[in-house]
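Work through these exercises with the sequence and the structure side by side. Try each task before you read its solution.

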Amino acid sequence: MEEGCRERLLKKNYYEDCPGCKVDQYKESQRGFPFREFFSMWIIVLGTALPISSLFPFLYFMVRDFHIAKRDEDIGYYAGYIGSSFMLGRALTSVFWGIIADRYGRKPVIVFGTVAVVIFNALFGLSVNFWMAITTRFLLGSLNGLLGPIKAYAAEIFRDEYQALGLSTISTAWGIGLIIGPALGGFLAQPADKYPTIFSKESLFGRFPYFLPCLCISLFALAVTVASCWLPETLHMHSVNTLPDDSEDGLEDASRGSNLNGKMEQNEEKGPIAKESLIKNWPLMSSIILYCVFSLHDMAYTEIFSLWAVSPRSLGGLSYTTNDVGELLSLSDFSN
């Protein structure tokens with residue numbers, strides 16, 4: 001009898017209309033390896049990572065075709081603006097998307113981010129001038145802020161014993177995206193020149209020679225968007241003071257309520273609790289600085305190498321084709 005009472009008292013309470021509680025209930029009843037959750041995380045992160053580096057094999061030729069650079073030596077100058085606009089947009093809005101994910105849920109941010117890839121990555125491939133290319137890349141980075149929320153989602157959707165593996169899946173999918181992206185951009189750019197028997201000069205891909213790799217990535221992102229509609233929300237959406245209607249757990253609820261009321265009274269007597277500034281959190285800031293240094297090295301190598309490799313030999317380059325650059329970038333990312 002005592003064991004039965006203890007079981008009821010220690011039973012975890014779930015809120016009926018809370019999506020996070022429903023996920024917790026599902027995790028408790030789940031047995032075996034969560035293959036579906038791992039696959040969901042993998043394709044979402046892959047769809048997000050593909051647009052990041054897919055443009056570098058053909059960026060030099062795209063800027064050249066815009067005829068904005070008066071000299072060939074200036075092409076790299078303008079290409080740098082296009083290459084950095086994506087990350088600038090992401091840096092400016094990442095905190096905002098994290099706040100949205102904590103307030104309204106992880107799923108809306110994930111779905112919205114994949115929709116942004118579908119729209120703005122395709123528009124980037126259809127760019128007809130320099131400013132359109134910068135704008136579409138900047139909007140793509142600004143509106144695709146799911147990298148942080150997807151990590152929180154992975155920590156919440158997996159059981160404790162699979163959380164580390166779930167977060168590792170995100171890093172793995174990100175790396176695979178950085179491998180496949182340059183390959184797609186290198187082999188599918190300028191299809192009318194490379195595959196004249198399939199694509200004519202008068203076709204859509206002949207008039208927009210950099211649209212095909214962007215279209216393939218956008219179609220994949222569209223499939224990911226549709227699949228994301230069935231993702232369960234993991235954010236707990238209920239008030240702390242609202243208790244579930246479960247008579248079996250009444251004693252635990254009453255105890256929890258009295259503890260909460262006691263804490264609230266103590267807090268009212270002491271006044272508002274000061275929140276510690278994130279900037280003063282040295283372990284957090286040191287991790288951010290290290291990640292910034294690593295990202296700077298990675299992106300600088302990717303962009304500078306691709307521009308140098310495709311530049312003509314008269315300017316000190318290697319005169320490589322987009323195919324060559326795509327292969328080399330994929331191999332270098334694979335080794336990383």
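Helices here are DSSP runs (H or I) of at least four residues, numbered from the N terminus. The model is a predicted one.

**Exercise 1. Find where Tyr77 and Tyr81 lie, and classify their ring pair.**

Step 1. Locate the residues. Tyr77 and Tyr81 both belong to helix 5, residues 75–104.

Step 2. Look at the spacing. The two are four residues apart, about one turn of the helix. An α-helix has 3.6 residues a turn, so residues three or four places apart point the same way.

Step 3. Recall the cut-off. Ring planes over 60 degrees apart count as edge-to-face.

Step 4. Apply the cut-off. The ring centres of Tyr77 and Tyr81 are 5.2 Å apart and the planes are at 85°, so this pair is edge-to-face.

Step 5. Check exposure. Tyr81 has a relative accessible area of 41%, so it is partly exposed.

**Exercise 2. Classify the pair of Phe33 and Phe35, then name the cluster that holds them.**

Step 1. Start with the whole structure. A search of it finds 15 aromatic pairs. Phe33 and Phe35 form an aromatic pair with centres 4.6 Å apart and 55° between the planes.

Step 2. Name the geometry. The pair of Phe33 and Phe35 is tilted.

Step 3. Compare each value with the cut-offs. Buried means under 20% relative accessible area, exposed means over 50%, and partly exposed is in between. Phe33 has 35%, so it is partly exposed. Phe35 has 61%, so it counts as exposed.

Step 4. Widen the view. Phe33 and Phe35 join Phe38, Phe158 and Tyr162 in one aromatic cluster.

**Exercise 3. List the buried residues of helix 2, and find the salt bridge between Asp24 and Lys27.**

Step 1. List the residues. In helix 2, residues 19–29, the buried ones are Pro19, Gly20, Cys21, Val23, Asp24 and Lys27.

Step 2. Find their packing partner. The buried residues of helix 2 pack against helix 8, residues 147–157.

Step 3. Pick out the charged pair. Asp24 and Lys27 are three residues apart in helix 2, about one turn of the helix.

Step 4. Check the distance. The side chains of Asp24 and Lys27 form a salt bridge, at 3.6 Å from N to O.

Step 5. Check burial. Asp24 has 14% relative accessibility, so it counts as buried. Lys27 is also at 14%, so it counts as buried.

**Exercise 4. Describe the salt bridges Arg71 to Asp74 and Glu161 to Arg159, and say how exposed each partner is.**

Step 1. Note the total. A search of the whole structure finds eight salt bridges.

Step 2. Take Arg71 and Asp74. Their closest N and O atoms are 3.2 Å apart. Arg71 is partly exposed, with 48% relative accessible area. Asp74 is partly exposed, at 22% relative accessibility.

Step 3. Take Glu161 and Arg159. Their side chains meet at 2.8 Å, N to O. Glu161 is at 53%, so it counts as exposed. Arg159 is at 13%, so it counts as buried.

Step 4. Look for shared partners. Asp102, Arg106 and Glu156 are joined into one network by salt bridges that share partners.

**Exercise 5. Which loops hold His67 and Ser319, and what is the sign of phi in each?**

Step 1. Recall the usual case. Most residues other than glycine have a negative phi.

Step 2. Take His67. Its phi is positive, near 60°. His67 is found in the loop between helix 4, residues 59–66, and helix 5. His67 is exposed, with a relative accessible area of 69%.

Step 3. Take Ser319. Its phi is positive, about 55°. Ser319 lies in the loop between helix 14, residues 282–310, and helix 15, residues 322–335. Ser319 counts as partly exposed, at 38%.

**Exercise 6. Locate Phe39, and find how far its C-alpha atom is from that of Gly166.**

Step 1. Find the helix. Phe39 lies in helix 3, residues 35–53. At 51% relative accessibility, Phe39 counts as exposed.

Step 2. Compare chain and space. Phe39 and Gly166 are 127 residues apart along the chain. Their C-alpha atoms are separated by 9.9 Å.

Technical notes:
Residues are numbered from 1 along each chain as its sequence is written. This is a predicted model: local features need pLDDT of at least 70, side-chain atom pairs count only at pLDDT 80 or more; totals for chains, interfaces and linings use all residues. Side-chain values use heavy atoms; hydrogens and water are left out. Buried means under 20% relative accessible area, exposed over 50%, partly exposed in between (1.4 Å probe, protein chains only). Contact means heavy atoms within 4.5 Å. Rings of Phe, Tyr and Trp (its six-membered ring) pair if their centres lie within 6.5 Å; planes under 30 degrees apart count as stacked, over 60 as edge-to-face and the rest as tilted. A salt bridge is a side-chain nitrogen of Lys or Arg within 4 Å of a carboxyl oxygen of Asp or Glu.
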